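Trainee: Could you take me closely through a single part of this model, the place where the two chains meet, and then add a word on the metal site?

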Amino acid sequence: MSEKLSSGYRINTLLGKEAVIEKWLGEGGQGDVYAVQYGGERKALKWYKPCGMGKNPQAFYENVKDNVMRGSPSPEFLWPQDVTEWKDGVFGYIMDLRPDGYYEVSDFMLTNVRFTSYKTIIDAALHIVSAYRILHNIGYSYQDLNDGNFFINPKNGKVLICDNDNVAPDGRKTGIIGKPRYMAPEIVMGLRDPYNLSDRFSMSIILFILFCLTHPLEGKRSLVPAMSPELQEKLYGSEALFIMDPEDRSNAPDPKIHRNMRAVWPCLPAYMQEIFLKAFGQDAMKNPNARPAELEWVNALVRFRSEIEQCQCGNEIFTEDGAPCVCECCRRKLSIPFRLRFQEYAIPGTPGSRIYRCQVGSCKLDEVLKPVGLVVSKKDDPSLIGIRNMTDKSWNAETPSGKSKRVMPGEVIPMKAGITFTIHDETIKIESN
Amino acid sequence: MPKIDELEATARRALHIFYVLDTSGSMTGTPVATLNRAMEETVEVLRKQAKSNADAELKIAVLEFNTGARWIQPNGPENMEDFIWEDLSAGGLTDVGAALSELDSKLSRKAFLNSMTGAYLPIIIFMSDGYATDNYQKALDEIRQNKWFARSTKIGFALGENPDMKMISEVVGNSEAVVRTQDLDLFARLIKFASVTASMMCSTSRTSNQDVTGADILKEAIDQGSAPESIVENVPVDVPESSADEKDSASDGWDADDWE
Ligand SMILES: Nc1ncnc2c1ncn2[C@@H]1O[C@H](COP(=O)(O)OP(=O)(O)OP(=O)(O)O)[C@@H](O)[C@H]1O
Ligand SMILES: [Zn+2]
């Protein structure tokens, strides 16, 4: 809304290049975003409003500059790549343009756009969680985590994280404490500045919203005629209460207004309900250390993903313990002849099922979501299925009669009950249903 | 799993924006024409924003005053997404008192503030270019007892050669939230910037736990509009601590019977 930079306007950058304004793309609370020509490429320029740089614009600038120098921690981040010189008390930074097909979380909340499947929601959630895991692991925190930070592709769950200007080494103040309704209780109460554990809380809010299209702290209690700042402090701070809190129902869903909760919550697997109950339990509200760590999220989400099967009618069915079940939509019986038993749970062994790297022992951060095994069917006889070794190392397999076999990369273990095989630290057993 | 297509949009609290606009005889000609164009543009921007605002459901109501006061939306605030600006015309007296009484009567849960999904504190934008022709003091005393008025975010615009800065500052409650200008183009830009900033109040990341006030919003609008800071004058006004106000901060947030 402020006076815009006009097309053709040139700005020099720190790395000795030049950004030439092409056109205005959009605006947020902190500034405008333009498409620019930059070193022969089209890029995005975030250009701050005078009031968009926090309390100390110089420190804010230094932080963005540090982030440019440091480089992006993970491809999910639309990371600052260069910063501009100052002009009339403001500056900007260069980042990649968001590709087509990505939408903001608010568009999902308002159902302007919808995910194509629950698997896609899980993928989006996994991308978000693993990106923050990487960020937190290098000692950074995001500090202003809210629904405006994400661009998500509803078709494949890919995620781009924007607004990385507030990202800072944990403990460094950026002058921004966060967006109302997305801040952790201790930040709302002014007890401390944002840090990695408050990021965790805000991230859980986003994950809950992606699945339930409901804000986790906004049940009956939030339907107040006038949200005064004091009330806001209570509902999101000192008296924050999960909409599904099993003990205190005073913030339970309103049957007319929070109908999504009744539709989604009972369908979530117990371990997903549990991780949300943990993330928004009274313990986690008051003690940031009690919040689920990113790895716990990854494990729950990966399990959830493995346990969803698609019925012929298109409905997604949540299976339990890899067992056959009946589609709640068309009443067809879903045939699941085999299941793959891990130490803690079993998943259906049907064509397309994947075993992820994080399901077979601890691993490097960027490998968490790498499929290591894939259930495939035979080209000339689709009724014959097996598990392909997608890694570059051989596996050890053992037949029911006790014979040992080596499974080379690319090779397939036939799906037969009783066979066990070991990938990294996990031994998986094929069972028939 | 439930069908993703059958889920409903996330519930949003309402954010009411009230425009209280002087259309007395002195606004005749260019002033009212500029006001109409400014409001048309403001509404256009707000409408676009409302469509993707997941933080608040924007609602708008316009109260014009001249000889008496009249709501343009007599049935209550309209959804910004469906709202279309209708041009106002100028003529008549400057019945500020009538406007305040009318506003007071509708700032209530039983009248205009009845959103099922709850609401944020309202925003009130007040504009005048002259001196009240009725006795507004009694109406002002009364509306100051209205919790919603007392706690709303208020912004004032004083136009023309001879606006009553004291009256406007009293209505707004703080002269730092009042802009005085004779430059109609500047007014048009500032009312747009202020409206947009105010409507994004719930969506903007904060630098501190302090509340955003009308003066903060205006300061931002002035920055954006590259207007001189001198258009905000310091007019000492005497705003009695509203009893409604004290009761609220002491008691359980809002008043108890509003809870269910
Ligand atoms: N890399 C990008 N490519 C294309 N469009 C972008 C890019 N980054 C942001 N935008 C668009 O620009 C607009 C403003 O961006 P953004 O929301 O990041 O601003 P902001 O000032 O940080 O907002 P806030 O802090 O209030 O969330 C949005 O409409 C967004 O879709
Ligand atoms: Zn079916």
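Mentor: In this predicted model, the interface brings 54 residues of chain B into contact with 73 residues of chain A, and the area buried between chain B and chain A comes to about 5200 Å², with carbon and sulfur atoms giving 58% of that area. Turning to the polar side of the interface, the rule finds 21 residue pairs in polar contact between chain B and chain A, both partners being at pLDDT 80 or more, and it finds five salt bridges across the interface of these chains. One of the salt bridges can be looked at in detail, since it joins the side chains of D55(B) and R181(A), with 3.0 Å from N to O. On the side of chain B that touches chain A, the elements that give two or more residues are α1 (30-51), α4 (147-151), α6 (184-199) and α7 (214-224) of chain B, and among these α6(B) supplies the largest share, four residues. By residue class, that side of chain B divides into 19 nonpolar, 16 polar and 19 charged residues.

As for the metal site, the zinc ion (ligand 2) has its protein donors in chain A, namely the SG atoms of C311(A), C313(A), C327(A) and C330(A), which lie 2.3 Å from the ion. Along the chain, these donors of the zinc ion (ligand 2) follow the spacing C-x1-C-x13-C-x2-C, and the angles among the four donor atoms run from 102 to 115°, so that the site is tetrahedral, as all of them fall between 85 and 135 degrees.

Technical notes
Residues are numbered from 1 along each chain as its sequence is written. Chains are lettered from A and ligands numbered from 1 in the order in which they are written. This is a predicted model: local features need pLDDT of at least 70, side-chain atom pairs count only at pLDDT 80 or more; totals for chains, interfaces and linings use all residues. Side-chain values use heavy atoms; hydrogens and water are left out. Contact means heavy atoms within 4.5 Å. Buried area is the accessible area (1.4 Å probe) that two parts lose on being put together, summed over both. A salt bridge is a side-chain nitrogen of Lys or Arg within 4 Å of a carboxyl oxygen of Asp or Glu. A polar contact is a pair of N or O atoms within 3.5 Å; within protein, one must be able to donate a hydrogen and the other to accept it, and residues adjacent in sequence count only if both atoms are side-chain atoms. Ala, Val, Leu, Ile, Met, Phe, Trp, Tyr, Cys and Pro count as nonpolar, Asp, Glu, Lys and Arg as charged, and the others, Gly among them, as polar. Donors are N, O and S atoms within 2.8 Å of the metal (3.2 Å for Na, K and Ca); water is not among the atoms, so sites may look incomplete. Four donors count as tetrahedral if all angles lie between 85 and 135 degrees; four count as square planar and six as octahedral if opposite donors are over 155 degrees apart and all others between 65 and 115; anything else is irregular.
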